[in-house]
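Me: I'd like a close look at one part of this protein, the salt bridges. Could you take me through them slowly?

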Amino acid sequence: MNLPSEWKKVKLGDVCALLSGQDFAPELYSDETLGTPYITGASNFANNHIVLNRWTNCPRCIAHRGEILLVCKGSGFGTLAIADFESAHIARQIMALQNLKGVDRDFLFNVIAINFLNIKQKGCGLIPGIDRKTVLNISFALPPLAEQKKIAETLSVWDSAIEKMEKLIDEKENLFKV
């Protein structure tokens, strides 16, 4: 594939850091809203948002607002969301993409989402999952920052249009149900 001269081919590990989470024993967290939120796995991911329902007083692996979270183990692996909370401890089923270098977060979110099928195919083991090396080695074409922002904005408009069309289709299908 021929890239424009100002684009470069990079690996995910070239443009961000990857934080892997750590599990806690049940006595180290609760559903009481005291302490730091604790994201345990795919069940915390809903419609590209994070549902906070557990907390801990001994956080260690901290994800922060705006970071991209990726479920890396279990039935929901490959699921993504952008952290919409101040900070939270992440369990080992979660990875956080941090410290983006020269990359628009929304552009990178779309790069990973577009590579979702490829990511899922690389998942292996009795409990499906993906390791750090595989995630860090995801390669993609990186345009200049201004172009990344334009691409991300265009994809956002398309996503909104697709969501509206899906709702209309669901409404029409419901009209014909008995």
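Which residue forms a salt bridge with aspartate 23, and how many Å apart are the closest N and O atoms?

Reply: Sure! Keep in mind that this is a predicted model. The partner you're after is arginine 92, and the closest N and O atoms of the pair are 2.9 Å apart. That pair links distant parts of the chain, with the two positions 69 residues apart in numbering. Aspartate 23 sits in the loop between strands E2 (17–20) and E3 (29–30), while arginine 92 is in the loop between strands E11 (87–90) and E12 (94–98). As for how open they are, aspartate 23 is partly exposed at 31% relative accessible area, and arginine 92 is partly exposed too, at 44%.

The count for the model comes to 4 salt bridges, so let's look at another one. Aspartate 104 pairs up with lysine 149, and here the closest N and O atoms are 3.3 Å apart. This pair also links distant parts of the chain, 45 residues apart: aspartate 104 is in the loop between E12 and helix H2 (105–114), and lysine 149 is in helix H5 (residues 145–175). Aspartate 104 counts as buried because its relative accessibility is 12%, which is under the 20% cut-off. Lysine 149, with 38%, counts as partly exposed.

One more to round off the tour: aspartate 106 forms a salt bridge with arginine 105, with 3.2 Å between the closest N and O atoms. Aspartate 106 is partly exposed at 32%, and arginine 105 is partly exposed at 30%.

Terms used: Residues are numbered from 1 along each chain as its sequence is written. This is a predicted model: local features need pLDDT of at least 70, side-chain atom pairs count only at pLDDT 80 or more; totals for chains, interfaces and linings use all residues. Side-chain values use heavy atoms; hydrogens and water are left out. A salt bridge is a side-chain nitrogen of Lys or Arg within 4 Å of a carboxyl oxygen of Asp or Glu. Helices (H or I, at least four residues) and strands (E, at least two) are DSSP runs, numbered from the N terminus. Buried means under 20% relative accessible area, exposed over 50%, partly exposed in between (1.4 Å probe, protein chains only).
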